[in-house]
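Biologist: Hi! I'm new to this one, could you walk me through it?
Modeller: Happy to. Let's put it on screen.

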Amino acid sequence: MKVFTTRVIPEEGLQLLQRAGFTVTQWQEEKEMTPAQRVQFCKESDAMLFAGGEKLDRAFLEQCRHLKVISLLSVGYDNVDLKAATELGLQITNTPGVLSNATADTAFLLMLSVARKAFYQHKRIIKGEWGFSTPTANLGIDIEGKTLGIWGLGNIGTVMAKRCKAAFGMKIIYCNRHRNEAAEKELDATFVGFDELLQQSDVISIHTSLTPETKEKFNKDAFRKMKPTAIFINAARGGIHNETDLIAALQDGEIWGAGLDVTNPEPMQPNNPLLNMPTVAVLPHIGSATQETRNAMSRIAAQNVIAALTGEPVPNPVNHLYNL
Ligand code: DGY
């Protein structure tokens with residue numbers, strides 16, 4: 001049996017696949033393969049482990065319906081047309097659970113970096129601007145005791161809320177499709193509507209998936225309802241905010257700052273005005289990028305492939321989520 005990976009994957013997953021007796025072909029180049037190359041690799045394989053690349057749309061999936069599984073090296077599955085995959089009988093799997101801590105840590109890092117203007121202060125040193133300082137210049141804001149609003153209190157959102165409560169005694173409010181009563185008890189969290197979340201939060205942190213319902217939900221109307229002292233954090237998917245509206249909201253002082261691990265579009269261009277704003281911190285989508293987490297993700301992605309190719313039920317299917 002043959003497995004094709006769209007990027008070089010961490011060693012643990014690769015070894016599992018090889019020990020299971022599969023021939024693994026990895027795309028080694030540091031540039032994107034063409035759509036025709038991708039189809040060709042898939043045609044020569046029984047499974048694809050998708051570790052990054054262009055969206056898997058219906059046209060692509062139709063040409064690769066012979067695959068026993070497309071195993072995503074991510075918890076997010078917004079880059080696949082799940083409805084088409086399901087209609088074509090193609091199994092899609094993801095890597096849930098193992099990246100919650102690393103991704104929440106990234107949101108936490110961004111929150112503090114924005115509050116203390118850390119990325120901007122670092123740039124000042126590089127530009128030789130440390131020089132003369134005064135007690136009133138370049139001040140940040142405190143996080144202690146403030147209100148954290150979580151949009152999407154699932155695995156990652158819960159870790160972020162725990163970190164913020166333990167470190168800074170933050171009050172937790174959240175907005176979800178459904179109430180999360182276990183988390184409410186554990187975190188003393190309050191369930192609120194979307195507008196209340198916008199109006200009451202000092203920090204809003206996004207931890208939901210990108211769906212037609214959440215697409216660009218953070219737009220000019222939403223930013224206008226937030227506090228002028230608020231910090232907006234997105235470590236989920238860039239498509240959840242409208243970047244032009246975010247830039248305007250920051251320039252007009254409708255919100256105080258923003259921390260982004262994901263941008264809209266990706267990659268962000270180097271001349272994006274967000275990169276020169278003192279109260280903005282941007283990272284290049286590294287939420288899950290620790291050695292331990294990426295190894296765990298590659299192990300789970302490999303286990304999904306092994307199950308599919310040996311006729312076992314896959315541990316982490318996502319097809320059933322397409323109409324949620
Ligand atoms: C995920 O797993 O969804 C991360 O954002 C990496 O894409």
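Modeller: One term before we start: the axes used here are lines fitted to C-alpha atoms, for helices over the stretch in contact, and angles run from 0 to 180 degrees between N-to-C directions. Also keep in mind that this is a predicted model.

Biologist: Okay, so which strands does helix H12 lie across?
Modeller: Helix H12, residues 291-309, lies across E1, E3, E4 and E5. Its direction is at about 170° to that of E4.

Biologist: What's the strand order in that open sheet?
Modeller: The order is E2-E1-E3-E4-E5, an open sheet of 5 strands with parallel pairing. Strand E2 (23-26) and strand E5 (92-93) stand at the edges with a single partner strand each, so one side of each has no neighbour in the sheet.

Biologist: And how many bridges hold E4 and E5?
Modeller: Strand E4, residues 69-72, pairs with E5 in the parallel sense over 2 bridges. Ile70 stands opposite Ile92 in E5.

Biologist: Which strands does helix H1 touch?
Modeller: Helix H1, residues 11-19, packs on the sheet and touches strand E1 (2-5), E2 and strand E3 (47-50). The direction of H1 makes about 145° with that of E2.

Biologist: Switching topic: is strand E9 covered or uncovered on its faces?
Modeller: Both faces of strand E9, residues 203-206, are covered. Val203 and Ser205 are buried on one side, and Ile204 and Ile206 are buried on the other.

Biologist: What does E9 pair with?
Modeller: Strand E6, residues 147-151, runs parallel to E9 and is joined to it by 4 bridges. E9 also pairs in the parallel sense with strand E10, residues 231-234, over 4 bridges.

Biologist: Which residues are the bridge partners of Ser205?
Modeller: In E6, Ile150 has Ser205 as its bridge partner. In E10, the partner of Ser205 is Ile233.

Biologist: How does the chain get from E9 to E10?
Modeller: The chain crosses through helix H10, residues 220-225, in a β-α-β crossover that is right-handed.

Biologist: Nice. Last thing, which residues surround the ligand?
Modeller: Ser74, Val75, Gly76, Leu99, Arg237 and His285 surround the ligand.

Biologist: Where are the ligand's oxygen contacts with those residues?
Modeller: Two involve backbone: a ligand oxygen atom is 2.7 Å from a polar backbone atom of Val75, and a ligand oxygen atom is 2.9 Å from a polar backbone atom of Gly76. For His285, the side chain takes part, with an N or O atom 2.9 Å from an oxygen atom of the ligand.

Biologist: Great, thanks for the tour!

How values were computed:
Residues are numbered from 1 along each chain as its sequence is written. This is a predicted model: local features need pLDDT of at least 70, side-chain atom pairs count only at pLDDT 80 or more; totals for chains, interfaces and linings use all residues. Side-chain values use heavy atoms; hydrogens and water are left out. Buried means under 20% relative accessible area, exposed over 50%, partly exposed in between (1.4 Å probe, protein chains only). Two strands pair if DSSP finds at least two bridges between them. A crossover is right-handed if, with the strands pointing away from the viewer, the path from the first strand over the helix to the second runs clockwise. Contact means heavy atoms within 4.5 Å. A residue is near a molecule or strand if one of its heavy atoms lies within 4 Å of it. A polar contact is a pair of N or O atoms within 3.5 Å; within protein, one must be able to donate a hydrogen and the other to accept it, and residues adjacent in sequence count only if both atoms are side-chain atoms.
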